[in-house]
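The following dialogue shows how a learner may read features from a structure, with a teacher giving the general idea and then the case at hand.

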Amino acid sequence: MKVSDILRVKGNTLFTVSPDLPLAEAVRTMADNDIGSVVVMEHGDLVGMLTFREVIAAVVGNEMVIGSRLVRSVMDDAPLTCTPETEIDEVRRMMLGRHARYMPVLNGRTLMGVISFYDVAKTVVEAQDFENRMLKAYIRDWPGDEAASSSGVAAA
């Protein structure tokens with residue numbers, strides 16, 4: 001399974017902000033849209049990622065006040081990224097290794113979407129559920145030992 005499979009199901013709604021936007025406005029965008037991250041874009045290029053983790057650290061570090069800080073001053077300026085062709089297992093390893101909850105998906109320099117750890121976990125669980133159903137159906141349809149039982153040999 002690949003990242004493109006997640007994006008196809010998830011849809012293509014993206015929230016981006018400028019690095020020179022006041023942090024308070026970015027936080028309002030996140031709250032209004034019930035999202036945990038926004039991609040920071042400048043001149044059409046991804047320059048960072050702002051998540052609730054960076055926001056909380058900035059607020060705590062500023063005596064519990066957002067103040068007049070800009071997104072640029074608190075964003076992660078080197079976020080993990082992947083491509084639509086990246087395998088889900090590789091994304092899991094990358095996200096776990098960096099404790100990343102959100103990952104922009106780039107096709108070259110074009111932002112295709114953002115996937116979350118929740119998206120990845122949901123996809124893995126759904127794939128496992130499908131596999132379990134297929135295995136159970138296979139076991140239920142297991143060919144009987146009719147030849148053995150008809151020849152007088154007891155089936156185990």
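**Reading a predicted model**

A: We may begin with one residue of this predicted model: D45 is partly exposed, with a relative accessible area of 25%.

Q: With which residue does the side chain of D45 meet in a salt bridge?

A: The partner is R109, at 2.6 Å from N to O. R109 lies in the loop between β4 and β5, whereas D45 belongs to strand β3, so the salt bridge ties together parts that are 64 residues apart in sequence. R109 counts as exposed, at 61% relative accessibility.

Q: How should the strands of the sheet be read, and in which order do they lie?

A: In general, strands of a sheet pair through backbone hydrogen bonds, in either a parallel or an antiparallel manner. Here three strands form an open sheet in the order β1-β2-β3, with mixed pairing. β1 (16-17) and β3 (45-51) are the edge strands, each pairing on one side only. Strand β2 (residues 37-42) runs antiparallel to β3, and six bridges join the two. Within this pair, E42 stands opposite D45 of β3. E42 also belongs to a network of salt bridges that links D20, E42 and R72.

Q: Which residues of helix α1 are buried, and why do they lie on the same side?

A: An α-helix has 3.6 residues a turn, so residues three or four places apart point the same way. In helix α1 (residues 3-10), the buried residues are V3, S4, I6 and L7. They lie on the same side of α1 because they cover an arc of only 155 degrees around the axis. Their cover includes α4 (88-98), β4 (102-107), β5 (110-116) and α5 (117-140). The face turned away from the buried side carries the exposed residues R8 and V9. After α1 comes G11, whose phi is positive, near 95 degrees.

Q: What separates D5 and R8 along helix α1?

A: D5 and R8 are three residues apart in α1, which means that about one helical turn separates them. Their side chains meet in a salt bridge of 2.3 Å, N to O. D5 is partly exposed, with a relative accessible area of 24%, whereas R8 counts as exposed at 60%.

Q: Where is I56 found, and which residues form a nonpolar patch with I56 on the surface?

A: I56 is found in helix α3 (residues 52-61). The patch consists of F52, I56, V60 and M64, which together have about 400 Å² of accessible area.

Technical notes:
Residues numbered from 1 in each chain as written. Predicted model: local features only at pLDDT ≥ 70, side-chain atom pairs only at ≥ 80, totals over all residues. Heavy atoms only, no water. Buried < 20%, exposed > 50% of the residue type's maximum accessible area, 1.4 Å probe, protein only. Helix = DSSP H or I, 4+ residues; strand = E, 2+ residues; numbered from the N terminus. Arc of directions from axis to C-beta. Contact = heavy atoms within 4.5 Å. Patch = residues over 30% accessible without salt bridge, like charges linked within 9 Å, V, L, I, M, F, W, Y side chains within 5 Å. Areas by Shrake-Rupley, 256 points an atom, 1.4 Å probe, with all protein chains shown as cover. Salt bridge = Lys/Arg side-chain N within 4 Å of Asp/Glu carboxyl O. Pairing = 2+ DSSP bridges.
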